[in-house]
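This briefing is meant for a reader who is meeting the structure for the first time. Please look through the sequence and the model before reading on.

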Amino acid sequence: MKILKTSASAQKLALKLRSENKIIGFVPTMGYLHEGHLSLIKTARKKADVVFVSIFVNPLQFGPGEDFERYPRDFKSDEKFCRDSGVDYIFYPENNDMYPEDFSTYTEVEKITGILEGKIRPGHFKGVTTVCLKLFNLVQPHFAVFGQKDAQQLAVIRKMVLELNLPLKIISGEIKRESDGLAMSSRNTYLNKEQREDASVLYRALSYAKRKIEEGYNRDIDFLSHQMYKLIKSHPTVTKIDYIAFNNNRTLEEIKSLKTLKKNTEMLISIAVRFGKIRLIDNFVIKY
Ligand code: AMP
């Protein structure tokens with residue numbers, strides 16, 4: 001496994017691999033790797049000749065007052081993790097290489113970035129799409145693997161790739177969870193003991209909605225969100241519920257009623273909750 005620390009060296013290598021007809025699979029991350037990242041790496045490994053992982057805590061996607069400075073970082077451990085997972089190349093650039101002082105070019109997907117995460121975190125997706133486009137240009141992947149954990153991010157990236165005719169495929173990876181259902185996340189390390197115990201309520205609330213929808217007795221969205229809200233709010237370390245939302249998983253269009261839904265619609269139920277200052281997101285996709 002090799003570590004590439006500059007964008008120039010990553011692109012040079014990627015172009016060489018392309019000229020040798022190697023299939024390049026790519027997993028972009030912000031590091032502090034866990035089993036969720038591992039499952040994306042494994043998916044890439046199955047389909048690619050060469051697997052690239054990027055580790056870059058992208059300052060552009062953090063708003064003022066968010067956790068950019070204290071985002072967990074441990075490159076030595078990530079390096080070992082990648083080596084053990086069969087990664088071929090880690091791209092580990094510096095901020096000033098990705099964003100020199102006079103940097104002023106951005107990519108933005110409109111509309112679907114104005115809801116859910118984008119509404120709570122203005123500018124977040126502009127940072128995400130800008131860095132992903134740069135990373136795609138550097139790593140030259142045939143495909144990139146993104147987690148369903150960040151459902152809106154996945155939809156936004158798919159839209160950018162489609163609308164800007166980027167020559168790569170986007171593949172999604174399922175959400176990996178702890179034994180109590182909490183979705184794995186680098187941010188889980190911020191949680192204290194009480195918050196960690198309460199945090200599994202996200203999974204329980206989503207499971208409740210799924211069960212009710214599948215049982216078919218009560219499919220009223222307002223009722224379901226209200227019940228989910230009550231369940232989550234009953235946990236003492238919950239300080240704020242940013243949203244509980246029902247959307248089309250592909251278009252992110254809001255789903256107001258299940259009665260008018262077309263068969264086989266992928267319904268995204270997503271939630272964002274704060275435990276103290278720590279903000280966690282989770283979601284289920286239900287084929288309706
Ligand atoms: P991050 O390092 O948090 O930016 O995440 C990098 C990639 O890993 C993104 O595509 C995430 O959606 C994905 N990811 C994060 N957590 C999980 C998880 N628990 N299961 C599957 N994929 C995940």
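What follows describes the surroundings of the ligand and then the sheet.

The model is a predicted one. In it, 17 residues surround the ligand, and six strands form an open sheet with parallel pairing.

**Around the ligand**

- Among the 17 residues that surround the ligand, the closest are His37, Gly147, Asp150, Lys176 and Met184.
- The side chain of His37 has an N or O atom 2.9 Å from an oxygen atom of the ligand, while a backbone N or O atom of Gly147 lies 2.8 Å from an oxygen atom of the ligand, and a backbone N or O atom of Met30 lies 2.9 Å from a ligand oxygen atom.
- Of the 490 Å² of accessible area that the ligand has on its own, the protein covers 93%.
- Strand E2 (24-29), helix H2 (35-47) and strand E5 (143-147) are the elements that give two or more residues to the shell around the ligand, and H2 gives the most, with three residues.
- By residue type, the shell around the ligand divides into seven nonpolar, six polar and four charged residues.

**The sheet**

- The order of the six strands in the open sheet is E1-E4-E3-E2-E5-E6.
- Strand E1 (2-4) and strand E6 (169-173) stand at the edges with a single partner strand each, so one side of each is left without a neighbour in the sheet.
- Neighbouring strands of this sheet are turned against each other by 25 degrees on average, direction ignored.
- E1 pairs with strand E4 (residues 89-91) in the parallel sense over three bridges, and Ile3 stands opposite Ile90 in E4.

Definitions and conventions
Residues numbered from 1 in each chain as written. Predicted model: local features only at pLDDT ≥ 70, side-chain atom pairs only at ≥ 80, totals over all residues. Heavy atoms only, no water. Near = heavy atom within 4 Å. Polar contact = N/O pair within 3.5 Å; in protein donor to acceptor, adjacent residues only side chain to side chain. Areas by Shrake-Rupley, 256 points an atom, 1.4 Å probe, with all protein chains shown as cover. Helix = DSSP H or I, 4+ residues; strand = E, 2+ residues; numbered from the N terminus. Nonpolar A, V, L, I, M, F, W, Y, C, P; charged D, E, K, R; others polar. Pairing = 2+ DSSP bridges. Axes fitted to C-alpha atoms, helices over the stretch in contact; angles between N-to-C directions.
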